[in-house]
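Colleague: Could you walk me through the enclosed spaces in this protein?
Modeller: Gladly, let's have the structure up first.
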Amino acid sequence: MIPGLLLCVSFGYAAALKPTCLSAQFRRPGDFVIGGLFPFGMDTINLTARSEPTLIVCERLFVDGLIWALGMKFAIDEINNSTSLLPGVELGYDIYDTCFEPLAALQPSLLFVTRNGTTGIGVACNYTDYQPRVAAVIGPHKSDLCLLTAQLFSFFLIPQVSYGASSEKLSNKELYPSFYRTVPSDKNLVEAVVLLLNEFGWNWIATIGSDDEYGRGAQELFLSTIGNGSICIAYEGLIPSDLTDPKAKKQMEETIEYINKTNVNIIVLFAFRQPAQALLEQSIKMGLSKKVWIGTEPWLLSDITTSIPNIQNIGTVLGFILKASTVPGFQKYIANLLSSVQQDEFCQESREFYRRVSSDVLGTQCKQCDHISFQDISSILSHSQIQPVYIAVYSVAYALHRALGCTHQGCPKASIRSQQLLHFMNTVPFTVNGQSFRFDESHGTNTGYKLIFWHWENGSLTHLLVGDYQESLNLNKSLIQFHTADQKEPTSECFRECEPGQIRQIKGFHLCCYDCTDCPENTYCSSKGCKQQGSSTPLQRARHLLTTTLQTAPPALPAWSTSGPLPGARSATTAARGKPSNNLCVMQQIVYALCLNACLSTFFTKSLEIVLLTEFPRCARSALRWVRPSRAWLLVALCLLTECLFCFCYLHLGPDYVLPDYSSLPTEVLLTCSTASWLAFALMHGYNGCLAFVCFLCTFMVQTSGKKYNIARGITFAILIYFIVWIFFVAIFATLRTVFRSVIQIGTILMVSLGIVGTYYIPKCYILLLKPDLNREDYFQYSTQEEPEGDPQ
């Protein structure tokens, strides 16, 4: 095969001295015609001076665009020669130049939507039965051209498959329902770049884009992706679209000067060939220090870029290119084609096909193609990405295969409208050269990227594969030789991850750029900076909690003794130990309030009995039955029910909750129960205070001999202790640090409980246990009545 290829090359080179008929190879009739939009040329002539809508002409040939167009021709010729995909069906093609210019791309696009067999666009209310000239369109290459043409083709629901447009805007299926692409979107590219930056710890960078849809769109996505603060942007800018404008040069000079001032070592460049070339040339001319340039395919693989004088001196170049396989047989096909276009018989047949398509429509506008030889394009052909074009053509062919209902024996002769292909392109995978493809939900194929490194050796450039990206980044750092003295990766840090006990100190004018500084001694690090009573060393703070009894309830309801009139005493306590929780904090307050209420409600019934006997003896007989043991429980239950209602209000208005306290202890977190609503707290405990005050009013005026036991005196002293302890508690609690408040609250509850037990229940226990002979009715019948002063006469 190699000798034959060399023979074709040598023959083509010898015959290339005269013009060829390569320009006539971009039009062919067929049962179904596929339109093609490719950039054969570039540098349109004086568009601003157009006063009439004349034909747009390009000055120079763009060899990559020519190769892409030949890739489409190769795929269609291969399909037509196949006996399995579309047997018996002849595919035609109609390929036109876009010149990288929207105006140039619009003219052939209008031709594609004309009614089949005519040059006019029919205007109708309903286009269901409308049959355009082409069944599908391949291209164009650039995103800004696709944003224009996709709206036109989507109106007619003509499938359009781009081989290079990566703008994320084109993923909108509502605006562009018939648009597809065989390359990943810029979203995937940006994710790959961010992962690469994070892999090396580079967070102080500059980003530059070409002032077109590709550059602006990719840069906007990049900036939004790093918006969480993981990477800080020192400079962001755009390369002017009109490089002939004198202001464009000045703008690039200012960009390079600013990058020099920021001392960044990393530049991310989203740009096409010409803008990237202009920026790199200006950087070399102004002596920009060596940087790490992270690029993308449009300029990484460009021979124009790599041929810039002293391009080796810009530093280290890394970048992502499409993960595309080579297309078998393509180079041999091109060599044979460029040899054939020198032959008169072949050219005569080609021109006949050209005229059969239509003689009154646009020309291909590729006159420069007739002066191209294989040697002119061999170097570019070796690394040109043909597979996206090749897959795009096959995706349409497979959709036709399923829409027609083809078998290995043949395809039925049927008329297929363009919109019928969309269903099969959306749902059915297809296989090309043993590799499976399918369009995802956004009508794209995320084939992934290769990470390449510009490796210079003896003035010769090699695109060295150092990694790849397919949802995750795989990187072989050992293959990358950086421009630094030790060939290790340079640092480009605006910040680093701060250690525990450190805070971010913003530096300069960039809010995302900061230094890490230690907190001073006896302070701790918080989200708002360094706070007092903390630690200047990084600590994993332990949680500190009280392990002693947190709540102790006072005596509850008494149980009556059956051996005498003096009631016996029982006491109930509730304890809470261990780690506080929201539920435990709530239960502490509720259990204490209810237990204390149970105690005070028994005092209340006894106090009412005493006041009836001493102050209202005449009505005592009728009222006493409500405070006697047989019915006293009703009054106690009513008091408890009222307290339960206040507890419900407490739960509704704002119960206590666990609050971590970072300031009270230097190395530990104190877990405390914090009060959410002081109003609810006051209602719940204030009711017990009111009940105690009523008991005190009923008993403190009753006088008896000091040698004789008196229930009223026990209640009075118990209530006095309750009030005194809580008065001191409120005063002390308001002035104490948080770390001591729980201890004081525990002590207060214990003192109240012990005070009630000591003044009311211990005297009762003394008589029951040590003086059982005094537990008689005649001993207690005057215990609640005033005795006369002095001895009786």
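What follows is a short exchange about the cavities of this predicted model.

Colleague: How many cavities of 30 Å³ or more does the structure hold?
Modeller: Happy to start there. Two of them come up below: the largest has about 420 Å³ of space, and the second largest has about 40 Å³. With the cut-off at 30 Å³ or more, the number of cavities is 3.

Colleague: Which residues are the closest to the centre of the largest cavity?
Modeller: That cavity has about 420 Å³ of space. Of the 30 residues lining the largest cavity, the closest to its centre are His141, Gly164, Glu297, Pro298 and Leu322.

Colleague: Which element gives the most to the lining of the largest cavity?
Modeller: Several elements each supply at least two residues, including helix 2 (63–80), helix 5 (186–200) and helix 14 (387–404). Helix 9 (297–300) and strand 13 (315–322) are also among them. The top contribution is 3 residues, and it comes from strand 13.

Colleague: And how many residues in the lining of the largest cavity are charged?
Modeller: Nonpolar residues number 16 in this lining, and polar ones 9. The charged residues come to 5.

Colleague: Which element provides the largest share of the lining of the second largest cavity?
Modeller: Ser395, Tyr398, Ala399 and Arg402 are among the residues lining this cavity, as are Phe424 and Met425. Two elements give two or more residues here, one of them being helix 15 (420–427). The largest share, 4 residues, belongs to helix 14.

Colleague: How many residues of that second lining are nonpolar?
Modeller: The lining of the second largest cavity has 1 polar and 1 charged residue. Phe430 and Phe439 also line this cavity, and the nonpolar residues number 7.

Conventions. Residues are numbered from 1 along each chain as its sequence is written. This is a predicted model: local features need pLDDT of at least 70, side-chain atom pairs count only at pLDDT 80 or more; totals for chains, interfaces and linings use all residues. Side-chain values use heavy atoms; hydrogens and water are left out. On a 1 Å grid over the protein atoms alone, a cavity is a set of points where a 1.4 Å probe fits but cannot get out, and a pocket is an open set with protein on both sides within 12 Å along at least five of seven lines; lining residues have an atom within 4 Å of a point. Grid points are joined across faces, edges and corners, and a volume is the space filled by probe spheres set on the points. Ala, Val, Leu, Ile, Met, Phe, Trp, Tyr, Cys and Pro count as nonpolar, Asp, Glu, Lys and Arg as charged, and the others, Gly among them, as polar.
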